[in-house]
Amino acid sequence: MQLQDILYSQGFGIRRVCSGLVQQGWVEVCVEGEMQRTTDSALDLEPEGLKFRVQGVAWEYYEKGYVLLYKPAGTECSQKPSAHPSIYTLLPAPLRQRPNKNAIQGLQAVGRLDQDTTGLLLLSDDGQFIHRMSSPKKHVPKVYRVAAKHAVTAQMVERLLAGVVLDDDPKPVRAAACVQVDEHTIDLTLTEGKYHQVKRMLAAVGNRVEGLHRWKIGGLELPADMQPGQWRWLTAADLELLRA
Ligand code: URA
């Protein structure tokens, strides 16, 4: 694959921009373990596993992008936010500009979290992965740490597990698990993702969500060493945990 096409596929802009980056000496590629500057934009390289640097920043080629973001409070999961900054502003430009079937679409969030919800958010440009992670039919468990306004009683926990009716659907929704952390805190596991689902479930049992943090999807936990606003690529081991 030509170097300019590799850069294009990784979101560095249209091909003319990518070949310009190379010709102007902004790109280094790793050949036999060593970073080498090249000005040949048609240089033929094996893309899989290729490490390279653009304007001094290190990158690695990924045919499909899989990313984990620690969503901070006060951000919206929309590309066109209405009242708060978009989570997409937390990602570097190439991740927002990766082409997908010849359209510049970048990575897309796998489902959405409310603006005040924090925690684990996945993004990808692999449509099958997005579907597998977000479809209610796939039953991928997502665990939310819920800070409740009122003490969470045993009856509330029972009702959350048995199922509560939300206003827009006669079919009850139930938590797959509900673990009491302390008097006002529970870990609620859901396998679907209806609009404001946790908040509406808590309201249905006579309580109120004061803080919401998603810390686990499938077998993957939000890494303890990450700070709100930080992102990183998902590793093969992370993807395995998501499948588990
Ligand atoms: N349920 C909610 O109410 N909000 C979220 O952000 C996620 C789940």
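**Three domains and a buried glutamine**

The C-alpha centres of domain 1 and domain 3 lie 48 Å apart in this predicted model.

Student: Which residues make up those domains?
Tutor: The assignment gives 3-60 for domain 1, 66-137 plus 220-243 for domain 2, and 141-217 for domain 3. Along its principal axes, the C-alpha trace spans about 70 × 35 × 30 Å.

Student: And what secondary structure does the chain hold?
Tutor: You'll find seven helices and 17 strands.

Student: Let's zoom in. Where does Gln10 lie?
Tutor: Look in the loop between helix H1 (3-9) and helix H2 (15-23).

Student: Why is Gln10 called buried?
Tutor: Buried means under 20% relative accessible area. Gln10 comes in at 4%, so it counts as buried. Across the chain, buried residues make up 46% of the 244 residues.

Student: Which residues does Gln10 touch, leaving out those up to four places away in sequence?
Tutor: Phe52, Glu60, Tyr61, Tyr62, Pro94 and Arg98. To count as a contact, heavy atoms have to be within 4.5 Å.

Student: What makes the Gln10 and Ser9 pair a polar contact?
Tutor: The cut-off is 3.5 Å between N or O atoms, and neighbours in sequence count only if both atoms are side-chain atoms. Here the side chains of Gln10 and Ser9 are joined at 3.1 Å, within the 3.5 Å limit, so the pair qualifies.

Student: Back to the whole chain: how much of its contact set joins residues at least 24 apart?
Tutor: That's 61% of the contacts between residues at least 6 apart in sequence.

Note on methods
Residues are numbered from 1 along each chain as its sequence is written. This is a predicted model: local features need pLDDT of at least 70, side-chain atom pairs count only at pLDDT 80 or more; totals for chains, interfaces and linings use all residues. Side-chain values use heavy atoms; hydrogens and water are left out. Domain bounds come from an automatic or database domain assignment. Helices (H or I, at least four residues) and strands (E, at least two) are DSSP runs, numbered from the N terminus. Buried means under 20% relative accessible area, exposed over 50%, partly exposed in between (1.4 Å probe, protein chains only). A polar contact is a pair of N or O atoms within 3.5 Å; within protein, one must be able to donate a hydrogen and the other to accept it, and residues adjacent in sequence count only if both atoms are side-chain atoms.
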